[in-house]
Amino acid sequence: MTVALVATLTACASRPGASTTATPTAEPTTTASASPSPSATPSPEATDEVQPEPVATSSGPASVTIVNYGADGRNISASGLVSGPIEEGGVCTLTATSATGAILTGSIDAVATPAAVNCGIIDIAAPAGEWKLVLEYRSARTSAASEPVTVSQP
């Protein structure tokens, strides 16, 4: 039996030309081998399973990470994850600030999962130029913002 690892990203979608900062997680897949194995019964120590890392508890301060961001000539966009307290009912807001001080915003409802809170893709129509993006998460009990990233709108 051969074990192959497949990398997947949890949470956010990406777009062509978008930048990513997420770390992929490994999921096991198995493929049958054409040659028979030398032993009919595997030893108790042998395993084909990859054990998942423990999931962080939902306590402590929240942290927002922009996972994907980019610009396509019409829109600037970003998506991200919120780690820390996991709760329903939050809102994710993307704020874009231009070099001239113009401010654009877009918001979506956050989606809680067992591991994190997801901020899906937020698109904002924006003219050409350099834009500083900050993703913020707010709920009844939590407020946090990402570090800024810069995107160039063609």
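Colleague: How many salt bridges does the count come to by this rule?

Modeller: Bear in mind that this is a predicted model. One pair is R141 with E87, and R138 with E136 is another. By the rule used here, the count comes to two salt bridges.

Colleague: Which residue forms a salt bridge with R141, and where in the chain does the partner sit?

Modeller: The closest N and O atoms of the pair are 2.9 Å apart. R141 lies in the loop between β10 and β11 (143–145), and the pair links distant parts of the chain, 54 residues apart. The partner is E87, in the loop between β5 and β6.

Colleague: Is E87 buried or exposed?

Modeller: The cut-off for buried is under 20% relative accessible area. R141 counts as exposed because its relative accessibility is 70%. E87 has 8%, so E87 counts as buried.

Colleague: And what are the N to O distance and the accessibility classes for R138 and E136?

Modeller: R138 has a relative accessible area of 48%, so R138 is partly exposed. E136, at 21% relative accessibility, counts as partly exposed. Their side chains meet in a salt bridge with an N to O distance of 2.8 Å.

Colleague: Switching to the largest nonpolar core, which residues touch the most other members?

Modeller: This core has 22 residues. Elements giving two or more residues to the core include β5 (75–83) and β10 (129–138). Leaving aside neighbours within four places in sequence, L133 is in contact with I66, I76, L94 and V151, among others. The residues touching the most other members are I76, L133 and L135.

How values were computed. Residues numbered from 1 in each chain as written. Predicted model: local features only at pLDDT ≥ 70, side-chain atom pairs only at ≥ 80, totals over all residues. Heavy atoms only, no water. Core = buried A, V, L, I, M, F, W, Y, C linked by side-chain atoms within 4.5 Å. Buried < 20%, exposed > 50% of the residue type's maximum accessible area, 1.4 Å probe, protein only. Helix = DSSP H or I, 4+ residues; strand = E, 2+ residues; numbered from the N terminus. Contact = heavy atoms within 4.5 Å. Salt bridge = Lys/Arg side-chain N within 4 Å of Asp/Glu carboxyl O.
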